[in-house]
Amino acid sequence: MEQKKIAILGATGSIGTQALEVVEQHPEQFIVEVLTAQNNADLLIAQAQKFHPDTVIIGDESQYEKVKDALASEPIKVFAGKESINKIVESGEIDFVLTAIVGFAGLEPTLNAIRAGKTIGLANKETLVVAGEIIMQEAQKYQTPIIPIDSEHSAIFQCLTGEYPNEVKKLILTASGGPFRGETFESLQGKTRADALKHPNWDMGNKITIDSASMVNKGLEVIEAHWLFNVPAEKIDIIVHPQSIIHSLVQFYDGSIKAQMGLPDMRVPIQYALSFPKRLPNNFPDFDFSDYPQLTFEKPDKTVFRSIKIAYEVLEKSGNMPCIFNAANEIAVAAFLAEQIRFTDIFEVLEKTLNKVSYLRQPKFEELMASDMEARRQAEQIIKQIKL
Ligand code: NAD
Ligand code: MG
């Protein structure tokens, strides 16, 4: 049987390392062709020594010599820099590109991989938030499958399998509620970086962990779901489900609801994307009903977490608004992680940036790039004023 040759972009992150755990379970199915990382040269080297890819790329060019020297005795090609990451995805040797880079940086390589016809395992949700319309058009044009890895979207993808799209009444995204579920706006103001990085159910990279605490993550996911499944905003709901066992649901016209369940373990949706349409066995822990005597549900608090309201408005307007929303959020999260702004200032940075950057209804790719840059510049200005 042919092994699937995979490129993991962002191999050293939370998703990337878990993707390698999946590969390790199925050496007969998958072969690692390419690994990339931004800064963590030591881990990238260790991964390369273990998985023997054809190529590794370190984004930070100043670490090129270090990676090159460490792998000198292996037949592994080593490159550095953003352009190398953007280009490698086109290699004829690759079947599957797993996009586990965080943030806007994931957009270009994903787009190139789509145009090269590589099956995409999409973890990098920011790609669809920034340029969902273009991404989906290109995927259609090049007949490139995009298989979601985000747990909610993997769940919906699985629930939609075998169904007619026109019979879908609602997509229902579950949210854990994050570490600040049930808090008031006043209590949120005093939350520190350490408080926000304590997610109750998932162990993820810092950026998405802050996004989960602010519920911006759920907003990004509503936009992601809109583009992936071609469903309008008014048919996408959010329900808070603190146990994170139901990963999301689809309601149909006849009143029937399908839910996808399992332990909160990202290796499961990662493996599903890699093995789709097959399912493979593994040794990950199994769900046991007696460990979860209660699954509970509550409405999200859109007054305290106004990020959700902002995201729906942004999606309603679309054009370059989701791109501005994403850029402002990336800057706000970085400032919060650097302890330059308070937690609740994240919402303010989002609103103010969205008001500052001009709205474009049908932006071209270059215009989205420009909106991203302008939004980052504006968000930085806004943050300077907050700090004063
Ligand atoms: P992470 O911060 O743990 O890892 C990010 C990876 O991307 C690292 O390998 C890093 O080296 C690389 N990277 C960072 N900046 C880069 C840049 N500018 N250029 C090239 N590479 C860069 O992040 P993560 O938690 O693994 O999340 C990755 C993506 O998956 C995000 O888009 C996130 O929203 C999404 N996602 C993550 C989870 C999760 O459980 N971690 C769940 C759902 C979706
Ligand atoms: Mg998710």
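# Two sheets and a ligand shell

User: What makes strand β6 and β7 a pair, and in which sense do they run?

Analyst: Strand β6 (residues 119-122) and β7 pair in the parallel sense over 3 bridges. Two strands pair if DSSP finds at least two bridges between them, so 3 bridges meet the rule. One of the bridges joins L122 to P148 in β7. Strands here are DSSP runs of E of at least two residues, and helices are runs of H or I of at least four, both numbered from the N terminus.

The model is predicted: local features need pLDDT of at least 70 and side-chain atom pairs pLDDT 80 or more, while totals for chains, interfaces and linings use all residues. Residues are numbered from 1 along each chain as its sequence is written, chains are lettered from A and ligands numbered from 1 in the order written, and side-chain values use heavy atoms, without hydrogens and water.

User: Which sheet holds β6 and β7, and what makes β7 an edge strand?

Analyst: They belong to an open sheet of 7 strands with parallel pairing, in the order β4-β3-β2-β1-β5-β6-β7. β7 and β4 (77-80) each pair on one side only, as edge strands do. From one strand to the next, the twist averages 20 degrees.

User: How do you know that helix α5 lies across this sheet?

Analyst: Helix α5 (residues 107-115) lies across β1 (4-9), β5 (96-99), β6 and β7. Contact means heavy atoms within 4.5 Å. The helix runs at about 150 degrees to β6, on a scale from 0 to 180 degrees between N-to-C directions of axes fitted to C-alpha atoms, for helices over the stretch in contact.

User: Why are β9 and β11 called edges in the sheet of 4 strands?

Analyst: This open sheet has the order β9-β8-β10-β11, with mixed pairing. β9 (236-240) and β11 (257-261) have a single partner strand each, so one side of each has no neighbour in the sheet. β11 pairs with β10 (residues 246-252) in the antiparallel sense over 5 bridges; among them, Q251 is matched with I257 of β11. Helix α7 (residues 151-160) lies across β8 (168-175), β10 and β11, at about 40 degrees to β10.

User: What makes E126 a polar contact of ligand 1?

Analyst: A polar side-chain atom of E126 lies 2.6 Å from an oxygen atom of ligand 1. A polar contact is a pair of N or O atoms within 3.5 Å, so this pair qualifies. Polar backbone atoms of I15, at 2.9 Å, and of G10, at 3.2 Å, also face an oxygen atom of the ligand. Taken alone, ligand 1 exposes 820 Å², of which the protein buries 85% (Shrake-Rupley areas, 1.4 Å probe).

User: How many residues surround ligand 1, and which helices supply them?

Analyst: There are 21, the closest being T12, S14, Q38, E126 and G205; a residue counts if one of its heavy atoms lies within 4 Å. α1 (14-25) and α6 (125-141) each supply at least two of the shell.

User: What makes Q143 and the bond before P277 stand out?

Analyst: Most residues other than glycine have a negative phi, and most peptide bonds are trans. Q143, in the loop between α6 and β7 (146-148), has a positive phi of about 55 degrees. The bond from F276 to P277 is cis, with omega near 5 degrees.

Notes. Polar contact = N/O pair within 3.5 Å; in protein donor to acceptor, adjacent residues only side chain to side chain.
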